[in-house]
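Hello,

Here is the structure I promised to pass on to you. Have a look at it first, and then read on for what turned up in it.

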Amino acid sequence: MTATKAELLQGTLDLLILKTLNAGPMHGYAIAQRIQQRSDDVLVVEEGSLYPCLYRMEEKGWIAAEWGKSDNNRRAKYYSLTRSGRKQLEEETAIWERVHRAITLVLQTV
Amino acid sequence: MKIRITFWRWFRSLGQRRAVKREIDEELRFHIEQRMAENVAAGLSPEEAAREARKRFGNLQSVREECRDVRDASFGEATLKDLHFALRMLRKNLGFTAVAVLTLALGIGANTAIFSIVDAVLLRSLPFKEPERLVTVWERNPEHGYEANGVAAANFDDWKVQNRSFEQMALFRTPSKLDLTLGDETERVTGFAVGANLFPLLGVNPMLGRGFTSDEETPGREDVVVLSHRLWQRRFGGDPAVVGKTVSLDGRSYTVVGVMPGGFCFPGGTGVLYGDYDPAADLWMPLAVSSEERQNRGDHHWKVIAKLRPGVPLAQARSEMDAIQGQIHKSYSWYFMGTHCTVLPLREQSVGGVRTALCLLLGAVAFVLLIACANIASLLLVRAAARQKEFAVRAALGAGRGTILRQLLVESVLLAVLGGALGALLAGWSVPLLAAHVGDSIVASTPGWSEISVDGRVLAFTLVVALGTGILFGLAPAWQAAQTDMNDALKAEGRGAGTGLRGHRLRSGLVVAEVALAVMLLIGAGLLLRSFSRLQRVNPGFSPAHLLTFQLGLPEARYPRTQDRDAIVERLCERLKALPGVEFAGATTVLPLSHLAINNRTYTVVGRPPPELGQFFSADFCFITSDYLRAMQIPLRAGRSFGAGDTGESPDVCLINEALARRQFPNEDPIGKTLHLVSSHREMEIVGVMRDVKHRELDSAVMPAPMRAVFDCAIYMPYAQDIPQYRDETSMVLRTSGDPLALAGAVRAAVRELDKEQPVAKLQTMETVIRESVAQPRFRTVLLGSFGVLAVVLAAIGLYGVLAHTVAQRSREIGIRMALGARTQDVLVLVLRQGMTLVLIGIAVGLAGAFALARLLSGLLFGVTPTDPVTFTVVPLLLAAVALAACYLPARRAARVDPMTALRCE
């Protein structure tokens, strides 16, 4: 799979979301917060692109959405990984690691 | 699986746009408010918190829209987008679209047309209350070879008293033709004498006035009449004050007491007269049964309709009636009567004859549609192959497999709906033509025929068929597209985007299926055609060319005595014979093949011991004038014909037909023997033997064998020696030297001169009478034949399409072959072999299928076996020839490939 730059970026957000949801169902806000916390505030998810991305992933069948109650007892939409999402997570993790290794290798030479 | 999910969502989402929008808004609001809450918790003022949250979120409106777009792309608006796109694709390929839509229009149109008939005739319920509980009841005597005979009045009374199965039982009589006189206009109408409880039994009330009372069932009080809606409209202009008016029927006056609602014409079109022709009633009269008739157990001219009690199963009613009739028979075994009963559900009876033919036609049009589907699937496959790059590109740009599948299905369903719309138009235009031009006998004797129309129900059927068709033929290319590896497709660029082996196999399979279906249909059509031509070659026993016929009422009121009737008929014959162009003029009470009622009576041979108890001989009775045989050109086999000396005063004489001679006098000379007529105690001497004439049907095989023996025999008596209770409709026959119809005006004038109140009914040529008598076989033969031709044409187009495409694809290969020395005919053979292999497989499959299915036709065949070797040989050959032509065109094109061009093409 030869990824273009745009796809790479988009794919990365997909990967991060998938990974985050692997821990269990959560709503969009929690996903954004979790990513930010886990990356030591390095990765600040642009909230404007988070939701279209979630919707796209839902279309692809990687994640499923369900309305539920939030911690403060409000109606919120919870996302969870589907089986195909889990598979996608494995694949994208593998690709990411390969690319990451390759880039590291390139950076280490010279 | 995936297609299903996508489709389901797409379908469900059609009305869900607003809900989606609300959900998105709520989700985004939750996010922002969550952020605000956190900001407040971090110490910001509510206003600042809100501002920060919004700022951080970015452009809310555009996010909202983007989310909605994601949804729309696969749901809701996708329909519109897909439709728009599909329309563009269809417009871009006008040729393809036209061929596909036209093919579908033919297929769907044919289905719609046949369904409209099936719907009106088989599916609609009868216009009576609780028709499923209605049955007709008959006397049955397997020993005498009849399954359903009318009941004798005394037997009916016993049934009525003894049975526990029926809520009600009503009597009615076979139709009478009556002269209805209004002012100075007289016309022949059809009347039925019915029991007073018939209308209540059927659950239909008069729309004006009343029905009959049991009082009016007494002889002498039956001078009341109920009009049909049609007659009321036609002759009384729908006058609401018609009740109480007086009309003249056969010279007697009757008081109109009621008008039935529109569409009610019992027993017309219900088939209750079982095998007899049952015309629509114009009016009804009370059935007055005299006290002598009430005692009669030998005269079986009464028909019975009954209504089962709720919850009584048919089998129970049958066994009860068998027991009752068995008992009656035991007590009166010296009468000619049934030993059992036949109880027939009305529905079964009314459609029995047509059902097979209609099911056959429905099956045939389904085959045509399947062939059309295969054709279009094949075309779409070719197109899908050409569009593989397009799909690959779209897939690379993010379109999912489901999106592309959906797009393809939307395209095919759109095609099908366009085809369906055109098909519905075709049907709407052709069905009324078809329904009206099948011949009067079908129109009048098939229940529901007059209601045939392309209405909402039929259109709903069309829509379902169109959608189903679209999905059916859309599946093949969609499946193929789903199988294609997009990367391969992209890489395959420049090599004519290989359709792949799979697509090719699929299309070959479709061609085989098309040819097989066409073979089956054509064999069916061939069998019907062969049996119809056999039927038409049946010798009716007379020479029908140049014969003009018409019917005369001669009502008893104006011609009370045999002599009066005889006198006017004789004068009329003389007058008609004197007309220029008329060679002979005769009268008969039985016009062959005209479906008028025929009197079948029992007789014995004088001087022989009476037949065993319970054994009876019967024959059709016919009264003819002396010139009848000459006019009809019925040859005399022995003895003499009737002459001027055979009058009402001279000794009774008769002619018998060969069948009767064979049956009664196999080894002796019948001339000079005397026959005794059981029910009228008349004796007449046999003076001659004449050739057998087909009175009832050309195809006597429609009757069960024992029945045929009963109806084969005929006795002819001089018209002047008429027996009043045997009286039937009088028909005139004229042997003409030129065009019979050219005499119509002169004939009418001649009748009017003798009796200006006497209407001339059914003035037509004998050839028309015969044509009407085979209207049903003709109808199914013509339709099945057209469907067969349509199937072959479609299959040939399909074959041509596949081969033409293969040739175009293989032009490079062919070029190389030619460059390497292949000759023109090698290439020709190569392509022909490919096509004809498919055709031969298809023919083999089709023959096997036809062999299995043909037995279903056996009931509709005459003089041909379902495995008729001629049909099974000619059809495959014919199909192979058509197929060869369809293969030859692309093959020739292949042979003309210029190697240099083909090779350079890449």
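**What turned up**

In chain A, helix H3 (residues 47-60) lies across strands S2 and S3, running at about 55° to S3(A). Please keep in mind throughout that this is a predicted model.

The strands under that helix belong to an open sheet of three, in the order S1-S3-S2 of chain A, with antiparallel pairing. Strand S1 (26-27) and strand S2 (63-69) of chain A are the edge strands, each pairing on one side only. S1(A) pairs with strand S3 (residues 75-81) of chain A in the antiparallel sense over two bridges. If you want to find that pairing on screen, look for A:Met26, whose bridge partner in S3(A) is A:Tyr79.

**Where the chains meet**

How much area is buried between chain B and chain A? It is about 2,300 Å², and carbon and sulfur atoms give 48% of it. Chain B brings 21 residues to the contact and chain A brings 24 residues. Between chain B and chain A there are four salt bridges. One of them joins B:Glu26 to A:Arg75, where the closest N and O atoms are 3.0 Å apart. There are also eleven residue pairs in polar contact between chain B and chain A, counting pairs with both residues at pLDDT 80 or more. On the side of chain B that touches chain A, helix H2 (17-41), helix H3 (46-57) and helix H4 (60-74) of chain B each supply at least two residues. The largest share of that side, eleven residues, comes from H2(B).

**Chain B as a whole**

Chain B has 906 residues, of which 53% count as buried. Its secondary structure comes to 29 helices and 23 strands. Of the contacts in chain B with a separation of 6 or more, 82% are between residues 24 or more positions apart.

**A covered strand**

Strand S22 (residues 730-736) of chain B is mostly covered, with seven of its seven residues buried. In a regular strand, side chains alternate between the two faces of the sheet. In S22(B), B:Thr730, B:Met732, B:Leu734 and B:Thr736 point one way, while B:Ser731, B:Val733 and B:Arg735 point the other way, and all are buried.

Which strands pair with S22(B)? Strand S13 (residues 547-552) of chain B does so in the antiparallel sense over six bridges, and strand S14 (residues 582-588) of chain B also pairs with S22(B) in the antiparallel sense over six bridges. Two bridge partners will help you find your way: B:Leu547 is matched with B:Arg735 in S22(B), and B:Thr588 is matched with B:Ser731 in S22(B).

**Two loop residues to compare**

B:Arg297 sits in the loop between helix H10 (291-295) and strand S11 (302-308) of chain B. Is B:Arg297 buried or exposed? It counts as buried because its relative accessibility is 8%, under the 20% cut-off. The side chain of B:Arg297 makes polar contacts with the side chain of B:Asn155 at 2.6 Å and with the side chain of B:Tyr332 at 3.4 Å. Leaving aside neighbours within four places in sequence, the residues in contact with B:Arg297 include B:Ala152, B:Asp158, B:Ile328, B:Tyr335 and B:Phe336.

B:Ser450 lies in the loop between helix H15 (440-445) and helix H16 (456-483) of chain B. B:Ser450 is exposed, because its relative accessible area of 60% is over the 50% cut-off. B:Ala435 is 15 residues away along the chain, and its C-alpha atom is separated from that of B:Ser450 by 7.8 Å.

**Backbone points to check**

Most residues other than glycine have a negative phi, and most peptide bonds are trans. The peptide bond from B:Phe266 to B:Pro267 is cis, with omega near 0°. B:Pro267 lies in the loop between strand S9 (252-259) and strand S10 (283-286) of chain B.

B:Glu130 is not a glycine, yet it has a positive phi of about 45°. B:Glu130 is in the loop between helix H6 (94-123) and strand S1 (134-141) of chain B, and is partly exposed with a relative accessible area of 30%. B:Leu593 also has a positive phi, near 65°. B:Leu593 is found in the loop between S14 and strand S15 (599-605) of chain B, and counts as buried at 1% relative accessibility.

Best wishes

Note on methods
Residues are numbered from 1 along each chain as its sequence is written. Chains are lettered from A and ligands numbered from 1 in the order in which they are written. This is a predicted model: local features need pLDDT of at least 70, side-chain atom pairs count only at pLDDT 80 or more; totals for chains, interfaces and linings use all residues. Side-chain values use heavy atoms; hydrogens and water are left out. Two strands pair if DSSP finds at least two bridges between them. Helices (H or I, at least four residues) and strands (E, at least two) are DSSP runs, numbered from the N terminus. Contact means heavy atoms within 4.5 Å. Axes are lines fitted to C-alpha atoms, for helices over the stretch in contact, and angles run from 0 to 180 degrees between N-to-C directions. Buried means under 20% relative accessible area, exposed over 50%, partly exposed in between (1.4 Å probe, protein chains only). A polar contact is a pair of N or O atoms within 3.5 Å; within protein, one must be able to donate a hydrogen and the other to accept it, and residues adjacent in sequence count only if both atoms are side-chain atoms. Buried area is the accessible area (1.4 Å probe) that two parts lose on being put together, summed over both. A salt bridge is a side-chain nitrogen of Lys or Arg within 4 Å of a carboxyl oxygen of Asp or Glu.
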